[in-house]
Number of protein chains: 2
Amino acid sequence: MTIATRKQREKEEMRQLILEAAKSIFLEKGYEATSIRTIAERIEYSPGTIYLYFKDKDELFHALHEEGFRIMLEKMQPLQHVPDPMNRLIAMGRVYMEFALTNKDFYDLMFIMEAPMDHECQEEQHEKWKMGDSTLNYLKTVLRECQEVGYFKGLDVEYLSFMIWSSLHGMCALYCRGRCQAYENYQPEDLIKNGMEYYISMLKKA
Amino acid sequence: MTIATRKQREKEEMRQLILEAAKSIFLEKGYEATSIRTIAERIEYSPGTIYLYFKDKDELFHALHEEGFRIMLEKMQPLQHVPDPMNRLIAMGRVYMEFALTNKDFYDLMFIMEAPMDHECQEEQHEKWKMGDSTLNYLKTVLRECQEVGYFKGLDVEYLSFMIWSSLHGMCALYCRGRCQAYENYQPEDLIKNGMEYYISMLKKA
DNA sequence: TGTTTTTCTGAACACTGTTCATTTATTTTG
DNA sequence: CAAAATAAATGAACAGTGTTCAGAAAAACA
């Protein structure tokens, strides 16, 4: 092994070390507490070092952002074997919802926070959404299959997918940002579960 | 006039002065730029003075938060004269959407940001949502009227209102936080407009 | 070994919200 | 009107934040 490749590997390992530390602090104590200094302290390096591996905090959180999509896509994977497209669509929705409820911080980072989206990629304009695109494209594919078996007749898949994604996101976002408090006597999980059921039965009639 | 009442009036005027400055900076340059120091500079007082009129930054932004709801409620007001409840519901949705698109920062503050919600009211637990509650209660009322003329049969108004609000919010939230970029070749306004039409036609069948 | 290149440090910068002793202004009292 | 008491405003200071960069330390090369 040449010395150059080892250095390259070490560089990648260091990036991962920083990322792992950032992730653990982020999941333990949330976004606010995940500062450059706390990450540096955790891995026992100086704050300045982190900037040798990440351009800025946005780039760092963009990496976590992508990790979130990886986890989500993984949970979507098994659904490919659901034969009926409409059932697959509904199952996808449930997985999406479940992900948001059990990975609140990740969901927030992926779909609500501005931070990781500000990150300018030099490579491509939309490389930042590589993972998000995959999920969205899969949704569109499922919708087209639904159309083939008679659902959503005459509707544009682009607008339809946006509407469906939005509706789920709306519930998740209100949940993540504490707006379910508007329903004093109801549990957020209850609102979401029932709201979802209503939405599904509405979709089936469309 | 006693001196005490004049002092009280002056105190209220000062609160308004701070609030107006905060609002103008907030609308001009966004949340990030609206710091205690920039507000103080604008009204030509020292930073410390602001804390004599507002407990903390959260209380200040909670006041702006309420102002947002006042503006929105004002735009909802004329819709009370729409006779058909279903048309009124749809009109409400359009006003809501329009508000979000033309008052992005206010919408963000009202429904997405965490800041003004953290604000602990000493008076009542949910005094913070006084304005939001009004809007939500009006939505529920309209939905009940819709049920009286045959729509949404057998559905619980609580869950139904949450689902409808969520769906609209989802589109607004994705718009506010730049997630419409996922649809590279589509204008956000276009996505929302069409997504909304699809949703309305779905609602009518429910 | 000495020289060059790479890696890392930590102080410094400009910012944030917030506090509080001190100063300034106003009102009440003698 | 002058003095004492009260109220209001100040601005330096504190503990944070992301980020930069001259200089020190370590590693690689000659």
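**Entry 1: the two copies**

To superpose two copies here means to fit them by least squares on the C-alpha atoms of residues with pLDDT of at least 70 in both. I kept in mind that this is a predicted model. With that settled, I asked what rotation superposes chain A on chain B. I found a rotation of 180° with 0.0 Å of shift along its axis, and the RMSD came out at 0.1 Å. The two copies are therefore related as by a two-fold rotation axis. I also looked up whether each chain brings its own surface or a shared one to the meeting: the same surface serves both copies, as 100% of the contact residues of chain A recur in chain B.

**Entry 2: where the chains meet**

Next I wanted to know how many residues of chain A are in contact with chain B. I noted 52 residues of chain A in contact with 52 residues of chain B. Together the two chains bury about 4,700 Å² between them, and 67% of that lies on carbon and sulfur atoms. Which three residues of chain A supply more of its buried area than any other three? I wrote down Tyr159(A), Phe162(A) and Arg179(A), which supply 18% of the area that chain A buries against chain B.

**Entry 3: chain A by itself**

I then turned to the fold of chain A. I listed 10 helices and zero strands, and reading along the sequence gave me the pattern α-α-α-α-α-α-α-α-α-α. Along the principal axes, the C-alpha atoms of chain A fill a box of roughly 60 × 45 × 25 Å. I checked contacts between residues at least 6 apart in sequence, and 67% of them join residues at least 24 apart.

**Entry 4: inside, outside and charge**

Of the 206 residues of chain A, 52% count as buried. I put the exposed area of chain A at about 10,200 Å², with carbon and sulfur atoms supplying 49% of it. For charge, I noted 26 positive and 33 negative charges in chain A, and their mean positions are 1 Å apart.

**Entry 5: one tryptophan**

I finished with a single residue, Trp165(B), which lies in helix α9 of chain B, residues 157-176. Is Trp165(B) buried or exposed? Buried means under 20% relative accessible area, and Trp165(B) has 8% relative accessibility, so I marked this residue as buried. I also looked up its distance to Leu136(B): Trp165(B) and Leu136(B) are 29 residues apart in sequence and 8.6 Å apart in space, C-alpha to C-alpha.

Technical notes. Residues numbered from 1 in each chain as written. Chains lettered and ligands numbered in written order. Predicted model: local features only at pLDDT ≥ 70, side-chain atom pairs only at ≥ 80, totals over all residues. Heavy atoms only, no water. Contact = heavy atoms within 4.5 Å. Helix = DSSP H or I, 4+ residues; strand = E, 2+ residues; numbered from the N terminus. Buried < 20%, exposed > 50% of the residue type's maximum accessible area, 1.4 Å probe, protein only. Areas by Shrake-Rupley, 256 points an atom, 1.4 Å probe, with all protein chains shown as cover. Lys, Arg positive; Asp, Glu negative; His and termini not counted. Charge placed at Lys NZ, Arg CZ, Asp CG, Glu CD. Buried area = accessible area lost by both parts, 1.4 Å probe.
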